[in-house]
Amino acid sequence: MIALALAALALAAPPKPHIVWKPIPYGATRRAEMAAYSEKHYGVHSWVLHPRAIVEHVTATNSFSSVYNTFAADVPDSELHELPGTCAHFVIDRDGTVYQLVPLNVMCRHTVGLNWVAIGIEHVGLSDAEVMQDAAQMRSSLALTAWLMWRYSIPLANVIGHNESLTSPLHKELYAPWRCQTHADWQHADMVVYRAKLAALARSDGLTVGPTFRPRPSGC
Ligand SMILES: [Zn+2]
């Protein structure tokens with residue numbers, strides 16, 4: 001019986017996409033900075049990630065190398081001026097290549113309010129629309145996200161765009177000046193389309209995805 005149940009689960013697994021491991025430096029200093037950040041913003045002194053959500057991003061740049069260099073440099077970010085430097089777990093290039101920069105049990109700074117629970121996926125491009133029109137990039141993005149949903153039992157309701165961050169029930173920000181901080185990438189209307197495609201792919205892989213994301217009033 002157990003063997004049969006395991007076989008059924010294995011059948012329900014979406015195929016793991018090809019991932020190019022291209023780690024950024026994330027040694028003891030950066031981990032300590034992440035733990036300090038986590039304490040200030042989430043009340044937990046830890047850099048360890050237990051993924052419960054996925055946040056989709058657009059880089060607003062044209063090349064993977066510029067994104068990689070920004071994330072590799074552990075310097076205060078240009079907008080909020082804190083350490084560690086910003087990063088994302090994955091970057092998907094225009095040709096659909098999936099790069100992984102950080103292990104999935106390590107927090108990255110990619111979304112204020114959600115870094116304590118969220119895997120970050122960046123898409124090289126200038127806008128949501130540009131990414132959505134890129135068939136290779138979208139194919140990789142949906143395949144990677146579906147596989148991560150299966151791997152960490154993440155429901156469709158916790159796959160959001162960066163611009164939806166404030167309306168996620170998982171959003172938590174203890175530092176008052178940042179409580180309403182978000183970015184413009186992956187607007188709700190675009191994520192409605194993205195999630196519909198994702199749900200269709202995940203279901204075709206045999207995954208149960210649950211209800212879709214419903215934004216909560218943020219008070220911002
Ligand atoms: Zn973003």
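Where does His81 lie, in terms of the elements on either side of it? In this predicted model, His81 belongs to the loop that runs between α3 and β3, and the views below take up that loop together with other parts of the chain.

**View 1. The whole protein chain is built from six helices and six strands.** Followed along the sequence, these elements come in the order α-β-α-β-α-β-β-β-α-α-β-α. The radius of gyration is 17 Å, close to the 17 Å that the globule rule gives for 220 residues, so the protein chain is as compact as a globular protein of that length. The C-alpha trace extends about 50 × 40 × 35 Å along its principal axes, and 40% of the 220 residues count as buried. Of the contacts between residues at least 6 apart in sequence, 73% join residues at least 24 apart.

**View 2. The loop between α3 (64-72) and β3 (90-92) holds a cis peptide bond and a residue with positive phi.** The peptide bond from Leu83 to Pro84 is cis, its omega lying near 0 degrees, and Pro84 is placed in this loop. His81, which is also found between α3 and β3, has a phi near 60 degrees, a positive value in a residue other than glycine. Most residues other than glycine have a negative phi, and most peptide bonds are trans. His81 is exposed, because the 8 other C-beta atoms within 10 Å fall under the limit of 12 or fewer.

**View 3. Ala60 sits in the loop between β2 (53-58) and α3.** Its phi, near 60 degrees, is positive although the residue is not glycine. With 14 C-beta neighbours inside 10 Å, Ala60 counts as partly exposed.

**View 4. Met34, in helix α2 (residues 28-42), is a buried residue.** Around Met34 there are 25 other C-beta atoms within 10 Å, and it is buried because the cut-off is 20 or more. Leaving aside residues up to four places away in sequence, Met34 touches Trp47, Pro84 and Met107; Pro84 is the residue that follows the cis peptide bond of View 2. The C-alpha atoms of Met34 and Val75 are separated by 12 Å, the two residues being 41 residues apart along the chain.

**View 5. Helix α5 covers residues 135-152.** From its first C-alpha to its last, this helix of 18 residues reaches 26 Å, close to the 26 Å expected at 1.5 Å a residue. Its buried residues include Leu142, Leu144, Trp147, Leu148, Met149 and Trp150, and among them are also Gln137 and Thr145. Just after α5, Ser153 takes a positive phi of about 50 degrees.

Definitions and conventions. Residues numbered from 1 in each chain as written. Predicted model: local features only at pLDDT ≥ 70, side-chain atom pairs only at ≥ 80, totals over all residues. Helix = DSSP H or I, 4+ residues; strand = E, 2+ residues; numbered from the N terminus. Expected span 1.5 Å × (residues − 1). Contact = placed C-beta atoms within 7 Å. Rg over C-alpha atoms; globule rule 2.2 N^0.38 Å.
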